[in-house]
Structure formats: C-alpha cells, structure tokens
Amino acid sequence: MHDGGSRGPRRELGAFLRSRRERLAPADVGLPGSPRRRTPGLRREEVAGLAGISSSWYAWLEQGRVRTSEQVLRSVARALRLPADETAHVLSFVEHAAPDGPSPGWVSRNLLSLLESLAPNPAAVLDPHWDLLAWNAGYAALLTDPARLAPKQRNLLWLVFRWPPARALLASWETEARSLLGQFRAKAARHPEDTRYAEITEQLLADPHAAHWYGRRETSAYHPAVRHFRHPVAGDLHLRYVKLAAVDQPGHHLLAYVPDDGATEQALRALAG
C-alpha cells in the first residue's frame with residue numbers, strides 16, 4: 001500500500017537497506033559473481049529473490065514509497081545477513097505503534113530524590129536526545145559539572161565526542177563512542193523532523209571520527225557493560241553502566257555508574273569527599 005505519511009523514516013530505512021545491500025558480494029550469499037558486473041554489491045532483484053518478495057516491492061521499499069510488515073523486514077534482514085543489532089534497527093521502522101509522545105523537559109521530585117540517593121555513585125537523568133536534565137555530585141566529579149557547560153552542550157554525545165578530556169578519561173574511547181553514536185543514529189533515524197536530533201548531529205559531524213561512523217550508517221543497541229575510566233584524581237575506576245526507563249516520565253532514563261569492585265567503591269567515596 002502506498003502512503004504519503006511517514007515518508008521521512010521510510011526514506012531513512014530505504015537508505016540503510018541500500019547501504020547494506022551495496023556492501024554484500026554475491027559470494028557472501030551463495031550467488032555466482034560476474035566479471036562484467038557493474039552494480040556495487042548485490043542487485044535489488046537478488047535481495048528480493050533471497051527475501052522471497054517481488055523485485056518491485058523491494059525497489060519501492062528502498063525508495064521509501066511503501067509501508068511493510070515485520071515479517072517482510074525480517075526476511076529482508078536475513079537476506080542482507082544483518083547482525084542482531086542492525087536487524088533490531090530495521091524492525092524499529094515497523095509502523096504499527098503510535099509515535100513517541102513529547103518527553104517533559106523537567107524531572108520529577110521522585111526521580112530527583114532517587115538520583116541524590118545514589119551518591120556517591122555517579123548518576124544522571126537523560127531525555128530521548130541524551131540531553132542531561134539532572135545529575136548528582138558523583139556524576140559531576142566523574143566527568144565534569146554540566147552546569148558549567150552551555151545548555152546545548154549538556155548532552156552525553158557532546159561530552160563523548162566534543163569534550164576533549166573524554167578521550168583520555170574513557171579507556172576504550174573508540175569502542176564506547178562508536179556504540180553510543182550507533183544508538184543515537186538508530187533513534188534519530190525514527191525522528192527525521194526532530195530539530196534537536198538534527199542540531200546534535202550537526203555538532204557531532206564536526207568530529208572526523210563521528211562523521212566517518214555516521215556516514216557508514218552504523219547502528220547499535222544498548223548493552224549493559226563495565227566501563228573502565230582513567231580518572232585524573234581517582235585513578236582507575238571500573239563501573240557498571242546501568243540504564244533504567246522512568247515509567248512515570250516517558251522518554252526519561254536514569255543512567256547510573258555502579259562500582260564493579262571494592263577499590264572503585266572506595267575511590268568514588270574519596271572522590272565525593
């Protein structure tokens with residue numbers, strides 16, 4: 001069915017599928033190659049055949065002209081040999097759910113109380129754009145006090161990519177930065193008309209690493225992990241990264257860093273003191 005609505009997300013989905021199709025060689029999916037082949041990667045009709053759908057429908061899908069079902073997108077993801085994170089990204093474009101409502105720009109008293117109770121463990125409240133709405137003293141001591149930054153810079157993506165000390169503070173900066181950008185890319189793709197996503201993207205693309213990874217349409221999903229920080233005052237810190245959704249404030253997430261060992265717990269207490 002053709003539909004004039006939701007064209008922005010559909011175009012983004014189509015561009016993503018095209019980028020993954022162009023990266024596959026016929027041999028990757030068991031198809032014979034040809035020395036006279038001019039198309040980079042697979043042809044559209046080849047993907048359509050592997051997915052069990054018509055060539056016209058797949059072409060319309062890449063052009064952002066049609067809505068489609070989860071079943072079809074799963075078939076296309078399998079045909080393109082997408083990993084789990086990229087398959088989840090593709091399935092996020094299924095148009096059966098109501099669009100996200102606006103997230104409040106303020107933090108509830110209950111959430112603020114929880115934030116403070118976690119001290120000296122670093123914690124902050126983020127909105128859907130990864131903007132920092134509130135934070136405790138532990139968070140300010142671990143990274144920097146967001147109150148000292150311009151309002152548009154109080155954003156986790158900005159801190160990771162545009163705040164210079166982040167590259168020394170995060171022991172695995174490239175891995176962490178690439179994962180975070182992939183999560184942001186996947187979320188922003190569903191809201192192409194959102195001016196805040198566009199504003200953050202413009203700031204990020206000033207960084208050559210971010211521009212390269214963003215241009216490759218890399219996406220990722222959140223995974224709990226232990227982050228290794230090399231803090232200039234507290235030394236080596238190993239912190240478990242915990243992210244919780246706030247049920248009473250849709251779109252808000254509580255981000256907390258919990259000590260993974262006794263030495264880190266003691267170092268956080270000393271840092272807070």
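## Helix pairs, cores and two residues to find

Helix 2 and helix 3 are roughly perpendicular to each other, because their angle of about 115° still falls in the 65 to 115 degree range that counts as perpendicular. Keep in mind that this is a predicted model. Below, we look at this pair, then at a second helix pair, two nonpolar cores and a couple of single residues.

**Helix 2 against helix 3**

- Helix 2 covers residues 44-51 and helix 3 covers residues 55-62, and their axes sit 8 Å apart.
- If you look at how the two cross, the crossing of helix 2 and helix 3 is right-handed.
- On the helix 2 side, the touching residues are Arg-44, Glu-45, Val-47 and Ala-48, while helix 3 brings in Ser-55, Tyr-58, Ala-59 and Glu-62.
- Sort those contact residues by class and you get four nonpolar, one polar and three charged.

**Helix 4 against helix 5**

- Helix 4 (residues 70-79) and helix 5 have axes that come within 10 Å and cross at roughly 150°.
- Angles over 145 degrees count as roughly antiparallel, so helix 4 and helix 5 are roughly antiparallel to each other.
- This crossing of helix 4 and helix 5 is right-handed.
- Glu-70, Leu-73, Arg-74 and Ala-77 are the helix 4 residues here, and they meet Thr-87, Val-90 and Leu-91 of helix 5.
- By class, the contact between helix 4 and helix 5 has four nonpolar, one polar and two charged residues.

**The nonpolar cores**

- The largest nonpolar core has 38 residues, and Leu-157, Phe-161 and Phe-184 are the ones that touch the most other members.
- Skip the neighbours within four places in sequence, and Phe-161 is in contact with Arg-167, Trp-173, Ala-177, Leu-181, Leu-204, Asp-207, Ala-210 and Trp-213.
- Apart from the largest core lies another one, made of 25 residues, including Ile-53, Tyr-58, Val-72 and Ala-77.
- Two of those names have come up already: Tyr-58 is part of the helix 3 contact, and Ala-77 is part of the helix 4 contact.

**One buried residue, one exposed**

- His-89 has its place in helix 5.
- With a relative accessible area of 4%, His-89 is buried, because buried means under 20%.
- Leaving out neighbours within four places in sequence, His-89 is in contact with Phe-16, Ala-186, Ala-189 and Thr-219.
- Gly-105 is found in the loop between helix 5 (84-91) and helix 6 (109-117).
- Gly-105 counts as exposed, at 65% relative accessibility, since the cut-off for exposed is over 50%.
- Gly-105 and Gln-249 are 144 residues apart along the chain, yet their C-alpha atoms are separated by 9.9 Å.

Note on methods: Residues are numbered from 1 along each chain as its sequence is written. This is a predicted model: local features need pLDDT of at least 70, side-chain atom pairs count only at pLDDT 80 or more; totals for chains, interfaces and linings use all residues. Side-chain values use heavy atoms; hydrogens and water are left out. Axes are lines fitted to C-alpha atoms, for helices over the stretch in contact, and angles run from 0 to 180 degrees between N-to-C directions. Angles under 35 degrees count as roughly parallel, over 145 as roughly antiparallel, 65 to 115 as roughly perpendicular and the rest as oblique. A crossing is left-handed if the near helix is turned anticlockwise from the far one by less than a right angle, and right-handed if clockwise. Contact means heavy atoms within 4.5 Å. Ala, Val, Leu, Ile, Met, Phe, Trp, Tyr, Cys and Pro count as nonpolar, Asp, Glu, Lys and Arg as charged, and the others, Gly among them, as polar. Buried means under 20% relative accessible area, exposed over 50%, partly exposed in between (1.4 Å probe, protein chains only). A nonpolar core is a set of buried Ala, Val, Leu, Ile, Met, Phe, Trp, Tyr and Cys residues joined through side-chain atoms within 4.5 Å.
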